[in-house]
Amino acid sequence: MEFVVISTLNGVIYGLLLFMVSAGLTLIFGMMGVLNFAHASFYMLGAYVAYTLSGLFDFWVGLLVAPLVVAGVGILVERFMLRRVHAFGHAHELLLTFGLALIFEELIKLFYGDFPVNYQMPEALRFAAFTVFDTDYPFYRLFIGVVAVIMFAVLFVLLARTRIGIVVRAAERLPKMAESLGHNIPLVFMGVFGVGAALAGLAGAVAGAYFPTNPNMALELGVIVFVVVVVGGLGSLKGSLVASLMIGLFSSFSIGLDWSLAGLFDLVGLGAWAHSLGGLMTMTVSSISGTIPFLLMLIVLLVRPAGLMGDRN
Amino acid sequence: MRTPLIIAAVLVALAAVPPFLGLGLQNALVNVLIASLFALAFNLLIGQAGLLSFGHAAYFGVGAFATLHLMRIIEDGVIDFPTPLLPLAGAVAGLVVGAIAGFFATMRSGVYFALVTLAIAELFHALAPRWQGLFGGEAGLSSMRMPWGGITFGSTLQVYYLTLGWVAISIWVLWAYTRTPFGRLTLALRDNEQRVRFLGYNAHATKVIVFAVSAMFSGIAGALQATSNEVANYSLFSSHVSAQVVLYTFVGGSIVFFGPLLGAAIFTLFAYLISDLTRSWLLYQGLIFVLVMLYAPAGIGGIVQTHARHWQRLDWSRLAGPYALGGLGGGLVAAAVVFLTESLGVLFDEAYAVARRGAGGGYPPFEAFGIPWDPLSPVTWGVPLALFVVGLVLLLRARRAIAERWDAVRSAPAVPAAGPGPDARTASTQQIAG
Amino acid sequence: MRTLAAFALSTAAIAWATPTMAEPLRIGIIESLSGSQTSTGRLYAAAVQYGVDLINANGGFNGEPIEVIEYDNAGGSTGAADKFRQAVADGVHIVFQGASSAVAGQITEDVRRHNIRNPGSEVMFINVGAEAMSLTGEQCHFYHFRYATTAPMRVNALVNAMAAAGELGTRVFSINQNYSWGQDMQAAIEAAAAAGGYEVVEAVLHDVNTIQDFAPFVARINAADPDTVITGNWSNDLLLLMKAASEAGLDVRFGTTFLDQPGNIANAGDTALGHYLANNYVPAAGDPAFAEAYAAAVGHVPVFVEPPTIFAVGALGLALADVDFAGGEIDVTEIAKALEGVTYESPVGPISVRAEDHQTIRPVVVSRVARGTQYPVDDTDLGFEPVSVVAGPDAIYPVQASCEMERPD
């Protein structure tokens with residue numbers, strides 16, 4: 001029971017964090033058709049910029065300014081790089097962002113070294129929110145979740161209830177038409193790319209103070225974020241939210257599961273035979289939990305490439 | 001045509017020179033050959049069929065592991081198998097796994113195809129360290145090449161010749177493949193899949209075959225590495241390996257047959273020569289890749305090909321000037337960037353922080369390129385900055401002049417026939433103009 | 001060992017086989033000198049250099065100063081295989097490595113194969129930190145020496161010391177990384193249960209250095225209600241585990257093996273107080289002259305992987321004093337034979353080589369994190385306070401049956 005409650009809490013919060021990063025990625029894909037390999041680098045950049053600013057000024061300054069800095073970087077990337085290679089096709093855009101991801105990682109290593117930096121939350125936030133089953137639950141975890149929820153609410157209102165949102169959605173559906181109606185579509189693209197980068201930057205600034213801030217964080221999160229947007233449906237915000245929570249809960253719970261294929265065979269009386277096979281048969285879910293998101297992504301891609309909530313291929 | 005002559009000369013050099021090289025360089029050449037074959041196999045997919053795979057490490061790794069298993073069986077004396085044919089195991093494993101993976105992957109196209117291949121490679125990467133029996137766990141599998149037919153296969157030179165033989169034959173087969181009607185069909189698939197289908201061909205089956213063949217040659221490359229290193233572990237499946245082959249291929253140029261080979265050879269040799277000198281090698285690699293993507297989308301191979309095609313009509317007396325100017329500008333910019341990167345690398349290193357503590361918090365001189373520099377002196381930063389600006393101006397000028405003269409070349413009548421397709425021509429045009 | 005036909009192979013392309021007068025002894029360090037484990041690789045390199053400087057100050061070897069060459073394996077065994085070949089090309093006689101069992105597994109196999117193919121110009125491998133049991137088990141061979149502890153040595157010392165201090169309890173939770181080292185640790189923790197008078201309430205293996213969030217594991221630990229958590233985790237995996245445990249208010253004692261990695265104590269802060277460490281040496285144990293001499297030369301007292309590395313180079317120095325090639329060609333086999341017979345007096349006790357598997361018989365130091373110790377670490381006021389020093393013969397375990405070493409004639 002205790003494990004279930006704590007794991008659920010942890011899973012939901014981790015899922016919300018994943019959502020903060022995947023929201024921007026899926027927004028950009030929905031609009032521009034670009035799968036941005038450098039998106040998780042924006043997450044990493046956010047954490048490092050916030051770390052630097054928190055050292056110079058204050059944690060809160062870092063938290064507020066880092067997303068703006070990352071948005072600026074995103075806008076530059078869109079305006080001066082992506083737009084340039086747009087004519088060569090999507091594959092080239094993909095490769096460009098892939099190259100940028102490599103450069104961001106190496107630049108971070110150049111300036112900050114190969115080790116995790118000591119990016120800490122302020123002491124004022126370091127307390128237990130509540131206690132369940134004699135376990136303190138850190139307030140900062142809830143804080144991460146709350147930031148994500150606020151972000152989702154703002155994004156939703158912005159897209160669904162404002163004039164800007166209408167233009168953005170029009171640009172996503174029928175860019176040519178929106179352009180002939182007099183809207184500046186390149187500007188919209190640039191803005192969306194900047195906002196997407198800022199969201200990832202915000203996620204990095206918030207989460208970096210809790211999880212390790214190191215040069216591998218982009219690579220580690222990046223692949224999982226791909227899984228999220230694919231499972232949720234490329235271009236679907238709601239889908240990303242659902243998939244994020246799913247993956248979050250899954251990675252939190254899989255740690256406690258000692259099930260294996262051989263265990264399944266136990267149920268039908270073939271356990272001894274299955275155990276003797278070894279290999280895949282005796283691997284427990286907890287020890288191969290890393291593989292399951294990829295399996296899930298593969299299945300979704302092959303069976304329903306539009307994802308859970310996506311409406312097109 | 002001069003091409004056969006060039007190929008023959010390269011082959012003769014590759015066969016005749018290595019005995020006179022040191023062990024380290026021989027070993028580096030083995031790596032160059034393996035990387036070249038891997039890149040060419042990878043390019044069969046993207047260059048020919050237009051399918052961008054982000055998980056080719058899977059087939060490279062599968063080839064390596066299959067070979068290791070075969071080597072272990074031979075070492076245990078279970079069967080007698082000629083050592084020179086070891087890579088066959090990699091070829092078979094690559095083909096089989098590639099056919100299965102390709103069957104699923106090619107059900108999708110574009111970004112979705114890339115994601116499927118990525119997921120397959122990540123699956124292998126996550127599973128291999130846990131699967132003791134098949135992949136030897138995290139330590140991997142290890143074995144030893146056995147002597148065969150009076151040859152010991154102990155020395156690096158013998159391994160080199162074994163690799164050279166396999167790579168040369170594989171490349172020839174790959175090249176010949178692009179000349180077959182089936183190879184032409186894959187090209188058509190890249191340019192217009194719809195039309196291929198309407199012509200009555202089975203597009204999916206065609207793609208699966210191309211995928212499997214590409215995986216087979218990747219498997220051979222992996223097998224050659226396993227034969228050379230006598231070890232394979234799960235790191236072969238890492239995204240880093242998949243990323244490297246993408247880099248090689250696109251910097252070399254994916255639309256030209258020998259482009260990827262060029263990229264692989266340049267990068268692997270550079271890595272050998274300078275990876276011990278600088279810690280920022282991967283940064284330079286990334287920068288080169290992005291610059292090529294931005295300004296020369298057809299890659300180095302594309303540039304070479306464009307020149308070769310227009311060779312007869314190039315007026316070098318008018319082109320040499322701008323080219324020299326461009327080379328000078330590029331050299332200045334590169335020198336400035338390298339200096340800044342290396343200096344920053346030293347200044348932000350832990351060792352410098354220790355030196356600062358030793359100097360009572362001041363900024364002691366740092367050493368880069370064997371010369372001490374004062375970090376607070378304007379000369380230290382002003383000179384590279386000036387070099388950068390001057391270089392950039394020269395480059396821009398040279399680019400304008402080169403674009404002008406090339407326009408003149410191209411506007412001349414009678415464009416030579418037999419290009420590798422419309423895409424290639426536009427891309428190489430852009431690269432010169434851009 | 002598998003059936004390696006003992007064919008004596010001669011190869012043509014050994015550029016350095018040409019005898020020169022006064023051949024210098026060359027030591028190659030194949031470590032991770034770029035990438036995420038650089039800091040550890042650097043410590044190994046610094047410690048080897050320090051030890052070699054001591055030998056060179058006494059006249060070097062074979063009439064020449066010993067040369068040290070560093071090779072960056074880029075963190076992986078593929079890089080190590082490549083660099084090993086480069087080292088051979090450079091004429092290296094002795095390879096040092098320690099940071100990773102996977103890399104050590106690669107190097108030891110490379111050395112074994114090289115020596116079979118090149119009789120007369122052997123290379124030897126001094127392992128100063130890779131603790132996987134298989135290196136002195138099924139993979140053991142004559143030219144590999146392990147100058148480091150292994151999981152059973154650390155765990156036995158740890159549980160004995162903690163039990164004696166009354167801090168072990170009866171419920172132990174084992175959490176380790178899912179690869180050879182972590183699996184060895186888990187096996188050792190389970191094997192020591194009877195002697196330590198505890199029950200292993202749960203044993204968990206997890207992914208290596210990829211987990212961002214240890215909270216789910218802490219929830220699992222909490223649910224099992226242990227008195228002590230024993231872990232062989234290192235680097236991020238140890239740091240994050242301890243951080244998550246302190247945030248959840250978990251009240252358990254940690255028994256660790258790599259808590260002394262620089263940065264750990266600074267990061268963990270006061271939450272590290274009272275936790276245990278079993279390792280090769282802490283500066284507060286034994287004769288302080290050793291630590292002071294190192295501090296005078298390098299700038300800090302020896303920490304983490306530095307002490308065992310210095311001990312290994314020290315032992316090598318003693319072995320070199322026993323052989324003499326009169327300025328001629330160096331025969332590594334002679335050096336290896338001499339090394340087998342050497343006993344090195346470390347500040348915490350003698351270290352000698354067990355001839356059957358080339359594991360060293362060496363003392364294990366158990367210490368506890370405390371405030372106001374003689375040698376505080378990481379610029380904090382915390383340090384390691386020795387609890388007990390287990391002598392070599394008491395710490396060692398029997399030779400593994402899987403080791404079948406073939407000795408040169």
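Two residues count as in contact if their C-beta atoms, placed from the backbone, lie within 7 Å. This is a predicted model, in which local features need pLDDT of at least 70 and side-chain atom pairs count only at pLDDT 80 or more, while totals for chains, interfaces and linings use all residues. Residues are numbered from 1 along each chain as its sequence is written, and chains are lettered from A and ligands numbered from 1 in the order in which they are written.

Select chains A and C. Here 23 residues of chain C are in contact with 23 residues of chain A. On the chain C side, helix 1 (38–57), helix 7 (215–224) and helix 8 (236–247) each supply at least two residues; helices are DSSP runs (H or I, at least four residues) and strands likewise (E, at least two), numbered from the N terminus. Helix 7 of chain C gives the largest share, 7 residues.

Next, select helix 10 of chain A, residues 237–254. Its 18 residues should span 26 Å at 1.5 Å a residue (1.5 Å times one less than the number of residues), and the end C-alpha atoms are 25 Å apart, which agrees. Its buried residues (20 or more other C-beta atoms within 10 Å of their own, C-beta atoms being placed from the backbone) include Leu241(A), Met246(A) and Ile247(A). The buried residues of helix 10 pack against helices 1, 5, 9 and 13 of chain A together with helix 7 of chain C.

Now go to strands 11, 12 and 13 of chain C. They form an open antiparallel sheet in the order 11-12-13, where strands pair if DSSP finds at least two bridges between them. Ser352(C) stands opposite Ile361(C) in strand 13.

Conventions. Buried ≥ 20, exposed ≤ 12 C-beta atoms within 10 Å, placed from the backbone.
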